[in-house]
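Me: I'm in my first year and still learning to read protein structures. Could you take one part of this one and walk me through it slowly?

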Amino acid sequence: MRNDALHRAFDEVPRSDFLPEEVRSHAGVDAPLPLVDGQTNSQPSTVATMLGLLGPQPGHRVLDVGSGSGWTTALLTHLVAPDGFVLGVEIVAELVSSGRAALAPYADGRAEIRRARRDVLGAPEDGPYDRILVSAEADRVPEQLVEQLAEGGVLVVPVAGTMHRIRRTPDGLQNTVHGQYRFVPLL
């Protein structure tokens, strides 16, 4: 079940604003919707689950890996307001462009989307991050992203069909698994 802050974020950041015109009429359907190049906008229930596991709070610095349409970046921006910041990274150039345009009305200087580099996962030069969300499926826990977590930070990532929540603690990493999911592959 969604918490109040998450519920408000979904109300104030409509999915339809981040979809191609030809699929906007399906924005209310709880299913992934096509974007470009085989990429999808994740279904709302999955996004809500992932954001609930992530637990972003006001003031957090967040990395959104596989920002796609920009919808999760905008939702995260709403959740970390007024003093937080969200950096989205996306490998598909067309999605970087459309995601930036869709995000602009919601960013208010607190978020941006950058083109991801093929040789670097995430954005280590801007870390560490309080929260990292990955909206693409990895084959194994991405150590490059774990290294970008701040102390107390949380990484939510689908790995080989299961959703993982990894928290960095003073005593090491805590990794819990939260159901089965299908995503586009992490490139």
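Reply: Sure, let's start with His 178. Apart from neighbours within four places in sequence, His 178 is in contact with Leu 53, Met 163 and Arg 165. Keep in mind as we go that this is a predicted model.

Where does His 178 sit? It is found in strand E9, which covers residues 172-180. Is it buried or exposed? The relative accessibility of His 178 is 28%, so it counts as partly exposed; the cut-offs are under 20% for buried and over 50% for exposed. One of its contacts, Met 163, is 15 residues away along the chain, yet the C-alpha atoms of His 178 and Met 163 are separated by 5.1 Å. There's a partner in the strand's own stretch of chain too: the side chain of His 178 makes a polar contact with the side chain of Thr 176, at 2.6 Å.

Now follow another of those contacts, Leu 53, into helix H2. Leu 53 is among the buried residues of H2, along with Pro 44, Thr 46, Val 47, Ala 48, Met 50, Leu 51 and Leu 54. Why call this helix largely enclosed by the rest of the structure? Because eight of the eleven residues of H2 (residues 44-54) are buried. What do those buried residues pack against? They pack against helices H1 and H3, and also against strands E6 (129-134), E7, E8 (162-169) and E9. Right after H2 comes Gly 55, with a positive phi near 65 degrees.

Let's pick out one residue of this helix. Thr 46 is found in H2, and with 9% relative accessibility it counts as buried. Leaving out neighbours within four places in sequence, Thr 46 is in contact with Tyr 181 and Phe 183. For a sense of distance, take Glu 151: Thr 46 and Glu 151 are 105 residues apart in sequence and 26 Å apart in space, C-alpha to C-alpha.

Step back along the chain and you get to Ser 42, in the loop between strand E2 (40-41) and H2. Ser 42 is buried too, as its relative accessible area is 16%. Not counting residues up to four places away in sequence, Ser 42 touches Arg 15, Pro 32, Val 47, Trp 71 and Phe 183. You've met Phe 183 already, as a contact of Thr 46, and Val 47 as a buried residue of H2.

Trp 71 takes us to the two helices that H2 packs against. H1 (residues 4-12) and H3 (residues 71-80) pack at an angle of about 130 degrees, and their axes are 9 Å apart. H1 and H3 are therefore oblique to each other, and H1 passes H3 in a right-handed crossing. Which residues make the contact? From H1 they are Ala 5, Leu 6, Arg 8, Ala 9, Phe 10 and Glu 12, and from H3 they are Trp 71, Leu 75, His 78 and Leu 79. Sort the residues of this contact by type and you get seven nonpolar, one polar and two charged.

One last stop is Gln 148, in the loop between helix H5 (143-146) and strand E7 (149-159). Gln 148 is buried, with a relative accessible area of 4%. Its side chain reaches the backbone oxygen of Leu 121 at 2.8 Å. Beyond its neighbours within four places in sequence, Gln 148 has several contacts, including Leu 63, Gly 122, Pro 128, Tyr 129 and Ile 132.

Conventions: Residues are numbered from 1 along each chain as its sequence is written. This is a predicted model: local features need pLDDT of at least 70, side-chain atom pairs count only at pLDDT 80 or more; totals for chains, interfaces and linings use all residues. Side-chain values use heavy atoms; hydrogens and water are left out. Axes are lines fitted to C-alpha atoms, for helices over the stretch in contact, and angles run from 0 to 180 degrees between N-to-C directions. Helices (H or I, at least four residues) and strands (E, at least two) are DSSP runs, numbered from the N terminus. Angles under 35 degrees count as roughly parallel, over 145 as roughly antiparallel, 65 to 115 as roughly perpendicular and the rest as oblique. A crossing is left-handed if the near helix is turned anticlockwise from the far one by less than a right angle, and right-handed if clockwise. Contact means heavy atoms within 4.5 Å. Ala, Val, Leu, Ile, Met, Phe, Trp, Tyr, Cys and Pro count as nonpolar, Asp, Glu, Lys and Arg as charged, and the others, Gly among them, as polar. Buried means under 20% relative accessible area, exposed over 50%, partly exposed in between (1.4 Å probe, protein chains only). A polar contact is a pair of N or O atoms within 3.5 Å; within protein, one must be able to donate a hydrogen and the other to accept it, and residues adjacent in sequence count only if both atoms are side-chain atoms.
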